[in-house]
Amino acid sequence: MELHTVIYNIKDLKMTRKEFLINMGVGAGAAALLTCLGACNNLGANSVPAAPNANFTLDLTSSANKVLLTKGGFVYNSGVIVAYTSKGAYVALSQTCTHQGGMVQYDPSSDTFFCPAHGSDFSDTGSVNQGPASVGLKSYSVTKSGSTLHIQG
């Protein structure tokens, strides 16, 4: 296509003032929306919800919690991950990674908690072993009475 053809085609386009203003408004609205969505996405990357307060019990005879009778087992409850470590201790930590909010898992082979999203690794006390997380997980007290665990904190 030759340059004079392009110029000719542009000259043939006729747009009313109203159409022009509508098109400009739609374009500006789209730009504002993309900016807002980008800001919301960045907020999520740097702001993880606070760890929940906990005060609940787990019945170890319940089918949902029986995994906690075996070393290496873990469950999620009310924003908390509760694990029966390979050392034979019950541990409860916030289930939300402090880096970008991924769900941490328990690794019984190393008695650590890790986030599969970006590789953060936490000790059984919740402290950071390896980043990118720079803040530890909230730790909760666990009390065992018979076949019941009470998690609080």
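Begin with the whole chain in a surface representation: about 9500 Å² is exposed, and carbon and sulfur atoms supply 58% of that area. Accessible areas come from the Shrake-Rupley method with a 1.4 Å probe, and for residues only the protein chains shown count as cover. This is a predicted model, in which local features need pLDDT of at least 70 and side-chain atom pairs count only at pLDDT 80 or more, whereas totals for chains, interfaces and linings use all residues. Residues are numbered from 1 along each chain as its sequence is written, and side-chain values use heavy atoms, with hydrogens and water left out.

**Whole chain**

Switch to a cartoon. The chain has two helices and 10 strands; these are DSSP runs numbered from the N terminus, helices being H or I of at least four residues and strands E of at least two. In sequence order the pattern is α-α-β-β-β-β-β-β-β-β-β-β. Colour by accessibility next: buried residues make up 26% of the 153 residues, where buried means under 20% relative accessible area, exposed over 50%, and partly exposed in between (1.4 Å probe, protein chains only). Of the contacts with a separation of 6 or more, 41% are between residues 24 or more positions apart, a contact being heavy atoms within 4.5 Å.

**The six-stranded sheet**

Select strands 1, 10, 9, 4, 3 and 2. In that order they form an open sheet of six strands with antiparallel pairing; two strands pair if DSSP finds at least two bridges between them. Strand 1 (55-59) and strand 2 (74-77) stand at the edges with a single partner strand each, so one side of each has no neighbour in the sheet. From one strand to the next, the twist averages 25°; axes are lines fitted to C-alpha atoms, for helices over the stretch in contact, and angles run from 0 to 180 degrees between N-to-C directions.

Now focus on strand 10 (residues 148-152). Antiparallel to strand 1, strand 10 is joined to that strand by five bridges, and Asp59 has Thr148 as its bridge partner. Five bridges also join strand 10 to strand 9, again antiparallel, with Thr143 partnered by His150. In the hairpin of strands 9 and 10, two residues lie between the strands, and Gly146 takes a positive phi near 65°.

Display the side chains of strand 10. Which of them are buried? Leu149 and Ile151 point to one face and are buried, while Thr148, His150 and Gln152 point to the other and are not.

Move to strand 3 (residues 80-84) and strand 4 (residues 90-94), an antiparallel pair joined by five bridges. Val82 stands opposite Ala92 of strand 4. In the loop between strand 2 and strand 3, select Ser78; its phi is near 55°, a positive value in a residue other than glycine.

**Two nonpolar cores**

Select Phe56, Leu58, Leu68, Val80, Val82, Leu149 and Ile151, which touch the most other members of the largest nonpolar core, a set of 14 residues. Such a core consists of buried Ala, Val, Leu, Ile, Met, Phe, Trp, Tyr and Cys residues joined through side-chain atoms within 4.5 Å. Strands 1, 3, 4 and 10 each supply at least two residues of this core, and strand 3 gives the largest share, three residues. Centre on Leu149: beyond its neighbours within four places in sequence, its contacts include Phe56, Leu58, Leu68, Val82, Tyr90 and Val142. A second, separate core of 12 residues includes Val91, Tyr106, Cys115 and Ala133.

**Cysteines and loops**

Show the sulfur atoms of Cys97 and Cys115. How many disulfides are there? The count is zero, a disulfide being a pair of cysteine sulfur atoms within 2.5 Å. Cys97 is in none, and the nearest cysteine sulfur, that of Cys115, is 3.9 Å away. Why is Cys115 not bonded to Cys97? The closest cysteine sulfur to Cys115 is the one in Cys97, and 3.9 Å is too far for a bond. Cys97 is buried at 0% relative accessibility, and Cys115 is buried at 4%.

From Cys115, proceed to Gly131, 16 residues apart along the chain, with 9.8 Å between the C-alpha atoms. Gly131 lies in the loop between strand 8 (128-130) and strand 9 (139-145) and is partly exposed at 32% relative accessibility. Leaving out residues up to four places away in sequence, Gly131 touches Gly119 and Ser120.

Finish at Asp111, in the loop between strand 5 (105-107) and strand 6 (112-114). Its phi is near 50°, a positive value in a residue other than glycine, and Asp111 is buried, with a relative accessible area of 8%.
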